[in-house]
Amino acid sequence: MRYESALAASDFSNFSEADKLRLIDELSSTSVTWQSNMTYMMLYITFPLGIFNKYVYCRLTERPFIWLPTYSADFLIIALLGYSLHYHFAWLDERNPGLHLQAEPSDALMYIHAYNEHVSTFELNVTFYLGLMSLAIFIRQLLSYQVTSLLGPIISTILVMFSDVAQFIVIWLIVLLGYSFVGFISFQAVPELRQFKDSFAYFFMAAFGSFDISIFDVFLPRQPVIREIGLYFVLSFVFLNLLVLINVVIAMMADTYAAMTSFKQGIYNHNILKTAPSYKLDKRYGGLTILPGPAALISFMALPFYALVKDRDRLERFNKGFYFGFYGVVCLVISSIFLAINLLLVPFAYLKTCAHKVSLVSAGVVSACDALSYVLLGLPMGVAVQVFDMWGFLKSSWNMDRAPRSDATFVISRDNFEMFYKVVRGHELKKKPVKAFDLIFQMRDMMKLESQIMTSIYGVDISQVKAAEEKQAAANKARADVDNQYVRPNLEVKSLLGNFSDAV
């Protein structure tokens, strides 16, 4: 308490040197943690550069640029970071406010003092914005999982459900404002409803089950009817909110979930196709997208060369060198991990093989001399073979040249050829000219290409969809026939009655 009051008043005249040093130790831990977090967060400044690199890449390669939810999260992080950095750099320039120290305080001490003064003065301080940044980072990480087959459809379904929630909020606010206005106008004698903001706050809390009906006891004993009306008025709002509106939004979200889960494969493919143009390999401009996160600054520095140079061969050579230069670091790290794991597994493989050799010797499959030679030379050979494994791993990892396509791979199966022959033979027997367009359509129908495309892209078998539609149409026709059986006799009776009345 003594330290807090001294910090609030910025008066340390009654503190001894030991007290001041103890105070510095207690306050430095939090501020130093904040300062290190700010240094780490400054790396996110480079994330918009990566987005800009992808935009330029799509423009240069004439591919569509699609705004992803992760980009919005990046800019939210940058906005919060910029607001926090304003204080960070101001504290770095903090001057001596008069701590009555024998020596001039260091910059670190001044930073600590400015940080703690800000935290103790403002309710929404920099720690609050740091928490919001952390939340935005976790949300961005969650949104980045949209391109996975396991979590992607679920995340996309949740994002679609937000439209249902938005519709519900509009309806709910209209109901809430209506009840708030009625409570504010009709129950002026109740202190909790006398102001509109108080009435709105009361019904807002009542929507979540926190309400007090005893506030209407002010009408007793002179106006018991008004009190009863007030009670039923509040209970009707609670009933409408908890039992009607909440169940409506749950039903809406359940329908959305049921509709989206039936197209899981289609949602996954849609997410892949949406992000693919920004990451597809290009021999001329691929260097703009290969570096993620803070490393995108390097690609941004090479952006003028990519944008100004138009010579295709020169761009391909520069891009290939760009790949080799930066992928070399990645390849070195991956190769080191590969070699370390292999060397770690060599002793276990050696012991297992020795045990297997012993079992083979006991079964009489191999001789004891062969088993002894492996026991003596097996471990050095296992270590030596890692050189060849490492060379093969590096060679396969470093090779960027694609294998040329062979014309022999483009063949037609016997079944498809017989199908094509039947189509052509059918037109030949009819002795009518046939267009290539008609041949393509007939082959498409016979090979069921539409069904295969729908299954691969949307995850739905179109034959099952058509069968369900035909079944529904048959049911509607049967229902219509049953209705006609009852409608037709009624029409005949009405016509007979009409003729009888005319005759009379």
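Which residues do ring pairs link into a cluster? Here are some notes for a first look at this structure, which is a predicted model.

1. Let's start with that cluster. Its members are Y179, F187, Y202, F203, F216, F219, F233 and F237, joined by ring pairs. For the whole structure, the tally of aromatic pairs is 28, so there is plenty to look at if you enjoy rings.

2. One pair worth finding is W172 with F208. Their ring centres lie 6.3 Å apart and their planes stand at 70 degrees, so this one is edge-to-face. W172 belongs to helix α7 (residues 152–186), while F208 is in the loop between α8 (196–206) and α9 (224–261), and the pair links distant parts of the chain, 36 residues apart. The two partners are in unlike settings: W172 is buried, at a relative accessible area of 12%, whereas F208 counts as exposed at 59%.

3. Then look at Y179 and F203, an aromatic pair of the tilted kind, with 6.1 Å from centre to centre and 50 degrees between the planes. Here helix α7 supplies Y179 and helix α8 supplies F203; the two are 24 residues apart, and again distant parts of the chain are linked. Buried or exposed, these two? Both Y179 and F203 are buried.

4. Next, the nonpolar core. The largest one has 22 residues, and the members that touch the most others are F187, V190, L193, F203, F216 and F237. Helices α7, α8 and α9 each put in at least two residues, and α9 has the largest share, with 7 residues. You will have met F203 already: it is in the ring cluster as well.

5. On to charges. The count of salt bridges comes to 5. Take D74 and R140: their closest N and O atoms are 2.3 Å apart. This pair also links distant parts of the chain, since D74 sits in helix α4 and R140 in helix α6 (residues 126–143), 66 residues apart. Both D74 and R140 are buried.

6. What does the salt bridge between D282 and R63 tie together? In this bridge, the closest N and O atoms are 4.0 Å apart. D282 lies in the loop between α10 (264–279) and α11 (296–301), and R63 in the loop between α3 (47–60) and α4 (69–92), so the pair ties together parts that are 219 residues apart in sequence. D282 is buried, with a relative accessible area of 10%.

7. For a local bridge, go to R312 and E316, whose side chains meet at 3.2 Å, N to O. The two are 4 residues apart in helix α13 (residues 312–363), so about one helical turn separates them. R312 is partly exposed, with a relative accessible area of 44%, and E316 is partly exposed too, at 24%. Elsewhere, D217, R227 and E228 are linked in a network of salt bridges.

8. There is also a charge over a ring. The charged end of K357 sits over the ring of Y374, and the distance to the ring centre is 5.7 Å.

9. A backbone point to check: E62 has a positive phi of about 60 degrees, although it is not a glycine. Where is E62 found? E62 is in the loop between α3 and α4, the loop that also holds R63. With 73% relative accessibility, E62 counts as exposed.

10. Last, the surface. L142, Y145, L150, L151, I154, I158, L159 and F162 make up a nonpolar surface patch of about 740 Å². Which helix gives the most to the nonpolar patch? That is α7, with 4 residues. L159 has its place in this helix and counts as partly exposed, at 33% relative accessibility. Helix α7 thus turns up in several of these notes: it holds W172, Y179 and L159, and it supplies at least two residues of the largest nonpolar core.

Note on methods: Residues numbered from 1 in each chain as written. Predicted model: local features only at pLDDT ≥ 70, side-chain atom pairs only at ≥ 80, totals over all residues. Heavy atoms only, no water. Buried < 20%, exposed > 50% of the residue type's maximum accessible area, 1.4 Å probe, protein only. Phe/Tyr/Trp six-rings, centres within 6.5 Å; stacked < 30°, edge-to-face > 60°. Lys NZ or Arg CZ within 6 Å of the ring centre and 35° of its normal. Patch = residues over 30% accessible without salt bridge, like charges linked within 9 Å, V, L, I, M, F, W, Y side chains within 5 Å. Areas by Shrake-Rupley, 256 points an atom, 1.4 Å probe, with all protein chains shown as cover. Core = buried A, V, L, I, M, F, W, Y, C linked by side-chain atoms within 4.5 Å.
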